[in-house]
Amino acid sequence: MAITSANQLELLQTAEAVAREKMIDPGLVVEAMEESLARAAKSRYGAEMDIRVSIDRKTGRATFTRVRTVVEDEELENYQAEFTVEQAKQYMENPEVGQEFIEEVPPVEMGRIAAQSAKQVILQKVREAERDRQFEEFKDRAGTIINGLVKREEYGNVIVDVGAGEAILRRNEKIGRESYRPNDRIRVYIKDVRREQRGPQIFLSRTAPEFMAELFKMEVPEIYDGIIEIKAVARDPGSRAKIAVISYDGSIDPVGACVGMRGSRVQAVVNELQGEKIDIIPWNEDQPTFLVNALQPAEVSKVVLDEEAGKIEVVVPEEQLSLAIGRRGQNVRLASQLTGLDIDIMTEEQESARRQAEFELRTKLFVDNLDLDEFFAQLLVSEGFSNLEEVAYVELDELLVIDGVDEDTANELQARARDVLEAQNKAALENARSMGVEDSLVEFEGLTPQMIEALAKDDVKTLEDFATCADWELAGGWTTIDGERVKDDGVLEPFDVSLEEAQDLIMTARVMLGWVDPADLEADAEEELEAADAEEAEA
């Protein structure tokens with residue numbers, strides 16, 4: 001096709017028609033046309049030339065120009081698109097490096113192959129523009145609910161028409177065994193929007209906890225207005241869910257507001273979620289209190305919280321055990337997800353038996369090591385003493401409160417406890433050295449002989465070995481695998497070393513070895529302090 005006055009205006013009309021159809025900027029289509037015409041011209045004049053095309057946005061007239069750039073003598077590589085200052089003087093006055101000399105060249109007639117190539121360039125540009133528009137439209141809508149139309153189902157995945165493109169609802173993001181037919185209307189949560197090679201990919205979900213939270217936001221005006229806040233959601237999609245809410249207005253009951261008049265608000269959410277039963281729970285800053293609420297409808301007798309381990313023990317009456325655990329552990333599993341704690345549930349009888357076993361174990365420890373009769377050892381345990389260190393290094397007054405213990409008896413108890421501990425320390429140290437532990441680790445402050453022995457058994461035998469440890473390897477921790485919290489045992493966990501203490505010990509070792517500059521630590525500490533102050537100020 002030749003670029004003549006007859007089809008100049010047709011270029012613009014085509015650009016506008018394509019832009020309207022694809023809902024993109026007409027200017028992008030014109031730019032694609034300019035690029036395709038320039039490519040066709042290069043195939044006619046020579047690929048080495050810098051040929052550019054400009055289409056007038058009003059008349060549609062295409063102007064073909066050849067551009068040559070002034071470069072330094074030693075940088076001249078492409079004789080068709082570049083020339084030196086000396087060569088440029090015959091075309092320009094006072095040429096300087098970097099200047100461009102532009103001259104118009106005759107338009108080209110596009111052959112069949114050139115026209116096909118031009119068409120491909122235009123289509124590619126249009127596709128790219130369409131993808132960019134789609135990504136821009138949806139990237140800020142991630143985390144919201146959208147209504148779509150089912151187009152088809154492929155291998156269990158549902159392809160949904162969301163207006164300006166297609167999105168995918170994967171099989172594992174559907175509730176239960178939901179099935180859809182073409183043209184069914186569907187309400188979904190936009191879980192993620194990613195820019196990929198084949199265009200933006202929009203991933204939908206109906207099982208995400210956030211989907212339920214957004215549904216409540218739509219049904220409960222107080223949540224939308226920020227008077228009530230959803231603090232946590234846990235779901236077993238299609239079966240049961242728990243949602244924790246708090247009200248910032250003392251006159252509004254958060255649970256009642258979410259339930260609605262005669263259950264109308266919660267029922268609307270339940271219907272959308274295929275009959276999923278929903279427990280609405282009042283949020284509480286006090287974790288044990290919140291957990292008691294989260295385990296509803298079961299009644300709880302006692303809660304014992306271990307904040308360091310992120311673990312909580314719940315004691316319930318025998319008749320409430322199955323209710324607290326729920327069918328296939330569902331109730332306790334959802335409560336654990338809601339609170340972020342690992343929950344152990346036991347009956348009052350089980351707890352009593354465990355306590356009795358602990359009592360007997362500690363009694364035996366004192367009988368065997370301090371040469372006491374059973375009654376006296378039981379007295380010590382009853383007063384809260386659980387190990388030899390407590391007896392050996394506690395203030396004398398704490399021993400004197402025990403019935404029948406005078407000052408001489410207390411001193412004798414402490415002397416025996418210290419002698420046993422010294423013997424144990426000596427044996428532990430000798431055992432550690434026999435395993436190859438070096439003096440650098442033995443002399444490191446903060447580690448007891450028993451700790452050094454435990455480290456040696458884990459193949460940590462030098463200060464360098466110790467400095468390469470991670471804090472959780474020493475203090476233990478929790479890892480979430482497939483939604484389940486799994487315990488990681490720490491080497492020093494039996495010695496009640498906390499995560500913070502482990503971090504301090506490791507960092508001290510690194511400073512001693514010269515791996516870390518103390519000045520950097522101080523700077524980091526100051527930054528953390530400033531950040532904490534800023535958070536407090538915002539709060």
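**Figure 1. What comes right after helix 8, and what its buried side packs against.** Helix 8 is followed by glutamine 274, whose phi is positive, near 60°. This is a predicted model, as are all the views that follow. Back inside helix 8, which spans residues 264-272, the buried residues are Val266, Val269 and Val270. Those valines sit on the same side of the helix, because the arc they cover around the axis is only 100°. And what lies over them? The cover includes helix 5 (209-219), helix 7 (254-259) and strand 12 (277-282).

**Figure 2. Valine 220, in the loop after helix 5.** Here we zoom in on the loop between helix 5 and helix 6 (221-224), where valine 220 lies. Is valine 220 buried or exposed? Its relative accessibility is 0%, so valine 220 counts as buried. Setting aside neighbours within four places in sequence, valine 220 is in contact with Ala257, Cys258 and Arg265. Ala257 falls in the range of helix 7 (254-259), and Arg265 in that of helix 8 (264-272). Look also for glycine 260: its C-alpha atom is 8.1 Å from that of valine 220, with the two residues 40 apart along the chain.

**Figure 3. A three-stranded open sheet.** The sheet has 3 strands in the order 10-11-12, with mixed pairing. Strand 10 (228-236) and strand 12 are its edges, each pairing on one side only. From one strand to the next, the twist averages 20°. Strand 10 and strand 11 (residues 240-247) run antiparallel and are joined by 8 bridges. If you want a landmark on this pair, try aspartate 236, which stands opposite arginine 240 in strand 11.

**Figure 4. Helices packed on that sheet.** Which strands does helix 9 lie across? They are strand 11 and strand 12, and helix 9 runs at about 155° to strand 12. Helix 11 (residues 330-339) packs on the sheet too, touching strand 10, strand 11 and strand 12. The direction of helix 11 makes about 140° with that of strand 10. Now for helix 9 itself, residues 287-294: Phe290, Leu291, Asn293 and Ala294 are buried. Seen down the axis of helix 9, these buried residues fall within an arc of 160°, so they line one face of the helix.

**Figure 5. Aspartate 50 in strand 1.** Strand 1 covers residues 50-55, and aspartate 50 is part of it. The side chain of aspartate 50 makes a polar contact of 2.9 Å with the side chain of arginine 52. Not counting residues up to four places away in sequence, aspartate 50 touches Thr65, Arg66, Val67 and Ala81. Of these partners, Thr65, Arg66 and Val67 come from the stretch that makes up strand 2 (residues 62-71).

**Figure 6. A buried arginine in strand 2.** Arginine 68 has its place in strand 2 (residues 62-71). Is this arginine 68 buried or exposed? With 9% relative accessibility, arginine 68 counts as buried, because the cut-off for buried is under 20% relative accessible area. Leaving aside neighbours within four places in sequence, arginine 68 is in contact with Gln80, Ala81, Glu82, Phe83, Tyr91, Gln99, Glu100, Phe101 and Glu103. Ala81 turns up in the contacts of aspartate 50 as well.

**Figure 7. Two aspartates with positive phi.** Start with aspartate 459, found in the loop between helix 18 (449-457) and helix 19 (463-467). Aspartate 459 isn't a glycine, yet its phi is positive at about 70°. Its relative accessible area is 54%, so aspartate 459 is exposed. Next up is aspartate 496, in the loop between strand 17 (484-488) and helix 21 (499-512). Aspartate 496 is another residue other than glycine with a positive phi, near 55°. Aspartate 496 is exposed too, with a relative accessible area of 65%.

**Figure 8. Stepping back to the whole chain.** How many helices and strands are there in the protein chain? The count is 22 helices and 17 strands. The chain has 539 residues, 40% of which count as buried. Among contacts with a separation of 6 or more, 53% come from residues 24 or more positions apart. The accessible surface comes to about 31100 Å², with 46% of it belonging to carbon and sulfur atoms.

Technical notes. Residues are numbered from 1 along each chain as its sequence is written. This is a predicted model: local features need pLDDT of at least 70, side-chain atom pairs count only at pLDDT 80 or more; totals for chains, interfaces and linings use all residues. Side-chain values use heavy atoms; hydrogens and water are left out. Helices (H or I, at least four residues) and strands (E, at least two) are DSSP runs, numbered from the N terminus. A polar contact is a pair of N or O atoms within 3.5 Å; within protein, one must be able to donate a hydrogen and the other to accept it, and residues adjacent in sequence count only if both atoms are side-chain atoms. Contact means heavy atoms within 4.5 Å. Buried means under 20% relative accessible area, exposed over 50%, partly exposed in between (1.4 Å probe, protein chains only). The arc is that of the directions from the helix axis to the C-beta atoms. Two strands pair if DSSP finds at least two bridges between them. Axes are lines fitted to C-alpha atoms, for helices over the stretch in contact, and angles run from 0 to 180 degrees between N-to-C directions. Accessible areas come from the Shrake-Rupley method with a 1.4 Å probe; for residues, only the protein chains shown count as cover.
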